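The exercises below are meant to be worked through with the sequence and the coordinates open side by side. Try each task before reading its solution.

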Amino acid sequence: MEDLFAGLRARMLLAEGAVLLPGFANARSQDLCTGILDISRQVPFRNMKTPGGRPMSVATTSCGACGWYTDQHGYRYVHTDPLTGKPWPEMPALFLDLAREAAAEAGYPDFSPASCLINRYEPGAKMGLHQDRDEDDLASPIVSVSLGVPARFAFGGLLKTDPVQRYDLLHGDVVVWGGVSRLAWHGVSPVRETFHPQTGAMRYNLTFRAINAALFQP
Ligand code: MD3
Ligand code: FE
């Protein structure tokens, strides 16, 4: 069913540099969900605190050479999980292949992500408008993969006050955010309480990121 609908929703340019590939991950979605559970058994999802001290409603974990982290010391990428001192789980080949194929499809043949941030939204969880600039690698795109229950995504411009467009990101949808869209403001509305056969009440979002190596060398 979802493959059918994905076929009906065509590849779409959301903005300059932002390419939506509807259902691009559908054929691999069950294995991706299994991979997420496997990673979360090694590094459990947790609600990290923003530098301002507020717990995020979105729970996160990471895999790859480095992981995104936030606490009172700020937003950053780290080699090891500050909670345990252990390195993040290796990025599964399935994850890496998907991210590289999607990036190539959108015109980035050499995408080499060092990190995959995994966001988990329970009903009501949301993400306020923000820019992603902790990577210090604005030449590389970010590849995002949505799984499970849908989310209403807001996508603005380079100024926080620019008007936003809203899209529903569905199970299996992949978006490649490059070019000027790399620094666009964006956020996620509170996820509504509903059910997906592969994830229950949850929504998961994977974001694959290339990181300036100078930021996380030992
Ligand atoms: C546009 N995640 O993790 S994915 C994030 O659904 C994040 O969990 C959202 O924003 C989520 O930082 C949105 C879509 C997305 C991801 C990264 C972007 C859009 C982006 C980076 C630049 C511009
Ligand atoms: Fe973001």
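A residue is counted as near a molecule if one of its heavy atoms lies within 4 Å of that molecule. The model is a predicted one, and the distances and areas used in the solutions are computed from it.

**Exercise 1. Describe the surroundings of ligand 1, and state which residues are closest.**

Solution. Begin with the residues that surround the ligand, of which there are 19, the closest being Asn 119, Tyr 121, Asp 132, His 186 and Arg 203. Next, look for polar atoms facing the oxygen atoms of ligand 1: the side chain of Asp 132 has an N or O atom 2.9 Å from one such oxygen, and the side chain of His 186 likewise places an N or O atom 2.9 Å from an oxygen of the ligand. For His 130, a polar side-chain atom is found 3.1 Å from an oxygen atom of ligand 1. Finally, consider the cover: taken on its own, ligand 1 has 500 Å² of accessible area, and the protein covers 98% of this.

**Exercise 2. Find what the UniProt record places at residues 112-212, and describe the chain there.**

Solution. The record, an unreviewed entry, gives the feature "domain: Fe2OG dioxygenase" for residues 112-212. Over this stretch the chain is 42% strand and 0% helix, while the C-alpha atoms at its two ends are 11 Å apart.

**Exercise 3. Decide whether Asp 173 is buried or exposed, and list its polar partners.**

Solution. First locate Asp 173, which is in the loop between β10 (165-169) and β11. Its relative accessible area is 1%, and because the limit for a buried residue is under 20%, Asp 173 is buried. Then examine its side chain, which is joined to the side chain of Arg 9 by a polar contact of 2.8 Å and has a polar atom 3.0 Å from the backbone nitrogen of Gly 23. Beyond four places in sequence, the residues touched by Asp 173 include Leu 20, Pro 22, Ser 144 and Asp 168.

**Exercise 4. What is notable about the phi angle of Asp 136?**

Solution. Asp 136 belongs to the loop between β7 (127-130) and β8 (142-148), and its phi is positive, at about 50 degrees, although the residue is not a glycine. Most residues other than glycine have a negative phi. As to its cover, Asp 136 is partly exposed, with a relative accessible area of 46%.

How values were computed
Residues numbered from 1 in each chain as written. Chains lettered and ligands numbered in written order. Predicted model: local features only at pLDDT ≥ 70, side-chain atom pairs only at ≥ 80, totals over all residues. Heavy atoms only, no water. Helix = DSSP H or I, 4+ residues; strand = E, 2+ residues; numbered from the N terminus. Buried < 20%, exposed > 50% of the residue type's maximum accessible area, 1.4 Å probe, protein only. Polar contact = N/O pair within 3.5 Å; in protein donor to acceptor, adjacent residues only side chain to side chain. Contact = heavy atoms within 4.5 Å. UniProt positions renumbered as here; feature names shortened; annotations may be inferred. Areas by Shrake-Rupley, 256 points an atom, 1.4 Å probe, with all protein chains shown as cover.
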